Amino acid sequence: MKIQYSIQLLFFFVAFITKTTQGQVDINYQMPPKAIADLADAPLTPAVMLSPNGTTMLIMERPSMPSIEEVAQEELRLAGTRINPRTNGTSRTGYFTSITIKSITTGQETTVTGLPKQAKVENLSWSPDGSKIAFTHTADNGIELWTANLKTAIAKRLTEAIINDAVTNNAYTWLADNKTIICNVILTERQAPPIPSAVPKGPVVQINDGITAPVRTYQDLLKNKYDEALFSYYSTARLLRIDTETAKATPFGLEGIIKSFSASPDGNYLLIYTVHPPFSYIVPYTRFPYSVDIYDKTGKLVRNLAKIPLTESIPIGFNAVPVGARNFMWRADHPANLYWVEALDDGDPKKEVALRDQLFSLEAPFTGTPQKEIAFQLRYAGITWGDDNLAIAYENWWQSRQVITSSWQPKNSASGKVKIFDRSSEDSYNSPGAFELEANLYGRYVLKRGGSPNLLYLVGQGASSEGNRPFIDEFDLNTKSSKRLWRSEAPYYEIPIDLLDMQNGVVLTRRESNTEPPNFFIRNLMQQTEKQITDFPNPYESLKGVKKEIIRYQRSDSIELTGTLYLPANYDKTRDGRLPVFMWAYPREFKSKDAAGQVNDSPYEFIRLGWGTPIYWVTRGYAVFDDFSMPIVGEGDEEPNETFIEQLRDGAASAIDKLVEMGVADRARIGVGGHSYGAFMTANLLAHTDLFAAGIARSGAYNRTLTPFGFQAEERTYWQAPEIYHKMSPFNYSDSLKTPLLLIHGEADNNPGTFPMQSERFYTALKGHGATVRLVLLPHESHGYRARESVMHQLWEMDSWLEKYVKNKGIERP
């Protein structure tokens, strides 16, 4: 039976499509068609978390979308963070509602009992030996700390609602004894929060005495002294020691704005970052002044490592870093040994120097002089520890996309590094993968060794012209060669999760296909056997029969492009003819044409639906062309954005030509959309081409002069490249944009650069020039939308727009 395209719209859509001079529409939250709503309401697949020794799996149920009532709870937007004053934690967090303990070897499942009736489980972690778990529960009046023993599977509360999770990177940390937790708590003696004065004492004044201080566009910054007082009130905390067996609490002693704290592997010391005034009104709290200190486990100060000043003046550039020490961390393979790096180029990527960063270390009892370790030619990017004889060091450079991976001997740093890989971060086809890790006796993760000290394991996504095919390799440090042990095979997409027992070839994987949802398997590589250990159901039964295919085509400059095409169930090209098409993309910058043409998807991945996916419209009779390639390439000295508009136009035209050539697309009925930078792309396509019947732009930025110190991958400022900022801003072409455009934006968008004002000003400019445009502002929503009412309404808006301006637009052009 030929697919029918309904042209009868719901009665309330009459106001939507009727021409009017009114600027506002009085409308309540709406629901999309049932086929879309049912998919959006489908239950989420549980989350999974493995124990350090790989013998146990936690299966955690996730709730459906929160209500607008929950999302609309009061929040304080202070210093680049968002705080729920009722709970003294961050707002807009996700949580779990139940926990099941599953033995990987026996398959036995035990549900954790004793949880609150309406559990909101967050911050879940294993004890170092994997015998216990700890987590927080967000109650109506605050955040509580809980624990559960795996043997009993009974949860018990350790504290009242006193946990302070406003700004710290972690609400608590385990010590090495597997029973003690250090947690961050509210000051019990604090009074009521500050109240703003109705009468100001004076103006807000900011001053700069000739210091160059370029910063990108941040949201939710402090604005005045009252904001400063609120920020201090909710972020100030003290540390508390908790015995998880007796629930006995002992004061740790330290109090302040605790940005981060972590225990040494042996549990005898704590590394603590505390934020101090003066605060800033142009950068978030992560760049406020802070101290880095070592305390012993009783709360006694051992040593101050650094006092980092306010960093408002970091040089411009993606490899720019602050002057002085940074990235203090514990060595995973030592009881108590700290390491950090310091810039040798004053943090300025424009300076020409032979070495960029220097690594330092300092071992307990932390009374000596920090030791110089290895230096880095590029910018330091991390270390994976093994033991005194082996560690892996990483460094990279954004402008060239160069990534270097090296091995070195921590006990003999003077011998220097030995280069293992030197590659481009853009080159997915030649990515060697990541070194596999395993938990040591401290519960910290170190390099997993093979049958001899020189053998390591690599796990990667396996990007190839066939699509992603994840793999497991054995890597020989002596020969720098890899031996393939296993690779995902069609018709499945299978990802290695943990190498459980490589002596016997036993690994844990997660497998899926177009029609089978992700589930976990025990695979024996030697015996070539497999055993499924979870049975998560398919939440999208109504998508059965939908065809998914990776389409390959070329841009006019011969760059290879791809996109994922979804066709309606039971669609027959001969019988049903050409379809309306909904295209969705997100541009990405490249320095290499070869890398820009690489495939980074799999034809065998399960069809997943998030709140913002365009795939919903395959149920409405559309062909959906998702994530079609939109590379913006600038090789050599040329910056990608020099020809941004031309490359957008070429990429879109090539994609449409391919779909039309296939006999799938009706050229007259093609819509395009995107979110964030994809919205920016959409507006530019409509401003500079007539390829599309309509566009949908969600949470985008349209005037680049409002992000003058760089945006996305653009490092140059507006004053260095004014013509680029002008040409790339669709706002400047509002007089020529005549294709119908739907603008949707979260009213509380906190993403740098995508202020809601971007959509509001763009709408005003388009309206002023007679464009067909609709602006939808979703109350209380941020850059991504969370409330069920908001998600359903934006789906209704998008469906209504596509039905009116794409599906029912007319007949195919010659």
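1. Let's start with the lining of the largest cavity in this predicted model. Four elements each supply at least two of its residues: α3 (68–71), β5 (89–90), β8 (121–126) and β9 (132–139). Of the elements, β9 gives the most, with three residues. The lining comes to 23 residues in total, and N84, T90, S91, R92 and T93 are the ones that lie nearest the centre of the cavity.

2. You may want the volume and the chemistry of that same space. The largest cavity has a volume of about 340 Å³. Its lining divides into 10 polar, nine charged and four nonpolar residues. How many cavities of 30 Å³ or more are there? The count comes to four.

3. The second largest cavity has a volume of about 70 Å³. Its lining is made up of W398, Q399, R401, E589, K591, E639, P640, A713 and E715. By class, five of these residues are charged, three are nonpolar and one is polar.

4. Now to the open spaces. The second largest pocket holds about 1200 Å³. Its lining has 43 residues, with L44, R62, Y540, L609 and G610 nearest the centre. Three elements, α2 (34–40), β1 (47–50) and β38 (560–567), each give at least two residues to this lining. The lining of the pocket divides into 26 nonpolar, 10 charged and seven polar residues.

5. R241 deserves a look of its own. This arginine sits in strand β14 (residues 236–243). Which side chain of opposite charge is nearest to R241? It is D177, 6.1 Å away, and R241 is buried yet has no salt bridge. A salt bridge here needs a side-chain nitrogen of Lys or Arg within 4 Å of a carboxyl oxygen of Asp or Glu. Leaving aside neighbours within four places in sequence, R241 is in contact with L175, T180, I181, I182, K248, A249, T250, K297 and T298.

6. I472 is a residue of strand β31 (residues 471–476). Is I472 buried or exposed? I472 counts as buried because its relative accessibility is 0%, and the cut-off for buried is under 20%. Beyond the residues up to four places away in sequence, I472 touches L458, V459, K483, R484, L485, W486, P496, L499, M502, V507 and L525. For one of these, R484, the C-alpha atom is separated from that of I472 by 6.3 Å, although the two residues are 12 apart along the chain.

7. R484 also takes part in a charged pair. Its side chain meets that of D473 in a salt bridge, at 2.4 Å from N to O. R484 lies in strand β32 (residues 481–487) and D473 in strand β31, so this salt bridge ties together parts that are 11 residues apart in sequence. The two partners can be set side by side: R484 is partly exposed, with a relative accessible area of 43%, whereas D473 counts as buried at 5%. Elsewhere, salt bridges with shared partners join E75, R77, R82, R92 and D220 into one network. R92 also appears among the residues nearest the centre of the largest cavity.

8. The structure holds 49 salt bridges. One of them is between E438 and K448, whose closest N and O atoms are 3.2 Å apart. This pair links distant parts of the chain, 10 residues apart: E438 is in strand β28 (residues 437–439), while K448 is in the loop between β29 (445–447) and β30 (455–460). E438 counts as partly exposed because its relative accessibility is 32%; K448, at 9%, counts as buried.

9. A last pair to check is E466 with R469. Their side chains meet in a salt bridge, at 2.8 Å from N to O. Why does R469 count as buried? R469 does so because its relative accessibility is 16%, where buried means under 20%. E466, in turn, is partly exposed, with a relative accessible area of 46%. As a general point, side chains of opposite charge can pair when their charged atoms come close.

Conventions
Residues numbered from 1 in each chain as written. Predicted model: local features only at pLDDT ≥ 70, side-chain atom pairs only at ≥ 80, totals over all residues. Heavy atoms only, no water. 1 Å grid on protein atoms, 1.4 Å probe; cavity = no way out; pocket = protein on both sides within 12 Å on 5 of 7 lines; lining within 4 Å. Points joined across faces, edges and corners; volume = space filled by probe spheres on them. Nonpolar A, V, L, I, M, F, W, Y, C, P; charged D, E, K, R; others polar. Buried < 20%, exposed > 50% of the residue type's maximum accessible area, 1.4 Å probe, protein only. Lys, Arg positive; Asp, Glu negative; His and termini not counted. Contact = heavy atoms within 4.5 Å.
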